[in-house]
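Visitor: I would like to go through this model with a few questions on its pockets, its symmetry and one of its helices. Please keep the answers short.

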2 protein chains.
Amino acid sequence: MSSRDQLTGAMAELLWERGYAATSPRDVMARAGVGQGSMYHHFSGKHELAVEALSAVTGDLTDESSLLDGDGSPLERMKRYLTLPRPGTRGCRVGRMTQDPQVVADAELITIVAGAFETMLGRWERAIAEAIACGELPASIVPADLARTLAAIIQGGYVLARAKGEQSPMDAAIRGAVSLLDAAHTTVDTDC
Amino acid sequence: MSSRDQLTGAMAELLWERGYAATSPRDVMARAGVGQGSMYHHFSGKHELAVEALSAVTGDLTDESSLLDGDGSPLERMKRYLTLPRPGTRGCRVGRMTQDPQVVADAELITIVAGAFETMLGRWERAIAEAIACGELPASIVPADLARTLAAIIQGGYVLARAKGEQSPMDAAIRGAVSLLDAAHTTVDTDC
């Protein structure tokens with residue numbers, strides 16, 4: 001791994017473990033095992049490091065939500081994405097950044113986080129609109145609204161799991177979401 | 001206001017603005033306008049201050065969720081609690097604490113947060129069980145699961161609102177939840 005990648009990886013870990021305010025360039029260099037010369041050759045400082053680390057982390061979220069565009073009926077794809085394994089107590093690497101006051105206050109950093117959410121929400125909206133169009137979900141549902149509801153269930157599942165220090169609230173929140181989607185499922189005349 | 005209350009209030013504000021790690025006893029004294037003698041008369045240090053500040057903050061969440069035990073049919077109460085005004089970009093004062101690594105690592109602090117969530121989840125469960133019992137929601141729904149789903153929508157709504165820096169994702173997530181509950185609503189033979 002290049003020293004640049006080592007520094008980016010170390011910054012991602014420290015953002016996660018300690019938050020932005022409590023992470024110093026010295027901490028990042030120590031974690032990466034990289035000296036000051038190399039560090040300031042690649043990055044002007046902590047902000048630039050955080051931009052690159054957050055971009056790498058949000059890329060993973062974006063890859064994952066492409067499941068919503070995959071095979072199967074729209075409702076099947078929605079349930080498949082909802083029920084992906086999600087280690088609840090670890091938390092969402094992207095969502096947690098919105099709870100870091102220094103990240104939210106930094107226009108460039110919060111834009112990276114917001115962009116990753118917008119991509120994921122757009123995929124939810126398309127899948128929900130398809131489910132309504134083919135008759136799997138009732139026309140009373142607004143895709144842009146339900147997209148945010150379902151994304152919120154995943155993000156909130158992490159919050160509840162971390163509050164309890166257990167995986168179970170995340171799994172329960174997802175099961176409840178699936179049962180509510182099933183209860184709302186219009187089974188007649190579907191063309192999916 | 002007593003100097004004790006001023007210190008607790010200042011700690012609550014700083015926990016919120018900066019997080020636990022980035023808040024020093026000196027910061028709390030400066031914000032409260034209280035001297036070192038008074039500070040160490042009331043509190044042994046930062047940990048004890050945080051315990052008292054978090055207890056005060058979680059009390060507010062607990063008061064609010066008592067709406068779920070109020071008047072009206074169970075589904076009406078659930079929707080009333082869901083649609084309370086919630087300033088999304090501010091975030092949930094309790095939920096955000098689960099994203100602070102130093103709070104999660106502190107057994108006493110995370111227990112206060114977990115206790116507030118358990119009280120709120122217990123109220124959700126009772127209201128959902130009543131809605132099923134009187135025929136407003138289908139028997140396929142498990143109260144303990146849906147309780148976590150609905151609590152997650154509120155918590156996740158804050159995450160999405162903070163990511164975007166706008167209230168709209170919170171409102172959309174709540175509208176989507178209400179429309180899904182309405183779609184799942186069993187309208188025949190209710191006795192609520």
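Visitor: How much space lies in the second largest pocket?
Guide: The model is a predicted one. Among the 18 residues that line the second largest pocket, Leu61(A), Glu64(A), Arg90(A), Cys92(A) and Tyr158(A) lie nearest its centre. The space in this pocket comes to about 260 Å³.

Visitor: Which helices of chain A each supply at least two residues of the lining of that second largest pocket?
Guide: By class, this lining has 12 nonpolar, one polar and five charged residues. The helices of chain A that each give at least two residues to it are H4 (46-64), H7 (107-133) and H8 (143-164).

Visitor: What is the volume of the largest pocket?
Guide: Its lining is made of 19 residues, and nearest the centre lie Leu61(B), Glu64(B), Arg90(B), Cys92(B) and Tyr158(B). By class, 13 of the lining residues are nonpolar, one is polar and five are charged. The volume of the largest pocket is about 310 Å³.

Visitor: Which helix gives the most to the lining of the largest pocket?
Guide: Helices H4 (46-64), H7 (107-133) and H8 (143-164) of chain B each supply at least two residues. The one that gives the most, with five residues, is H4(B).

Visitor: As by what kind of axis are the two copies related?
Guide: A turn of 180° with a shift of 0.0 Å along the axis lays chain A on chain B, with an RMSD of 0.0 Å. The two copies are therefore related as by a two-fold rotation axis.

Visitor: Which residue of chain A comes closest to the rotation axis?
Guide: The copies meet through the same surface, because 100% of the interface residues of chain A are also interface residues in chain B. As for the axis itself, the distance is taken at the C-alpha and is 2.0 Å for the closest residue of chain A, Gly156(A).

Visitor: Within what arc do the buried residues of H5(B) fall, seen down the helix axis?
Guide: Helix H5 of chain B covers residues 74-82, and its buried residues are Pro74(B), Leu75(B), Arg77(B), Met78(B), Tyr81(B) and Leu82(B). They line one face of the helix, because seen down the axis of H5(B) they fall within an arc of 160°.

Visitor: Against which helices do the buried residues of H5(B) pack?
Guide: These buried residues include Arg77(B) and Tyr81(B). Their packing partners are helices of chain B: H4, H7, H8 and H9 (168-184).

Definitions and conventions: Residues are numbered from 1 along each chain as its sequence is written. Chains are lettered from A and ligands numbered from 1 in the order in which they are written. This is a predicted model: local features need pLDDT of at least 70, side-chain atom pairs count only at pLDDT 80 or more; totals for chains, interfaces and linings use all residues. Side-chain values use heavy atoms; hydrogens and water are left out. On a 1 Å grid over the protein atoms alone, a cavity is a set of points where a 1.4 Å probe fits but cannot get out, and a pocket is an open set with protein on both sides within 12 Å along at least five of seven lines; lining residues have an atom within 4 Å of a point. Grid points are joined across faces, edges and corners, and a volume is the space filled by probe spheres set on the points. Helices (H or I, at least four residues) and strands (E, at least two) are DSSP runs, numbered from the N terminus. Ala, Val, Leu, Ile, Met, Phe, Trp, Tyr, Cys and Pro count as nonpolar, Asp, Glu, Lys and Arg as charged, and the others, Gly among them, as polar. Copies are superposed by least squares on the C-alpha atoms of residues with pLDDT of at least 70 in both. Contact means heavy atoms within 4.5 Å. Buried means under 20% relative accessible area, exposed over 50%, partly exposed in between (1.4 Å probe, protein chains only). The arc is that of the directions from the helix axis to the C-beta atoms.
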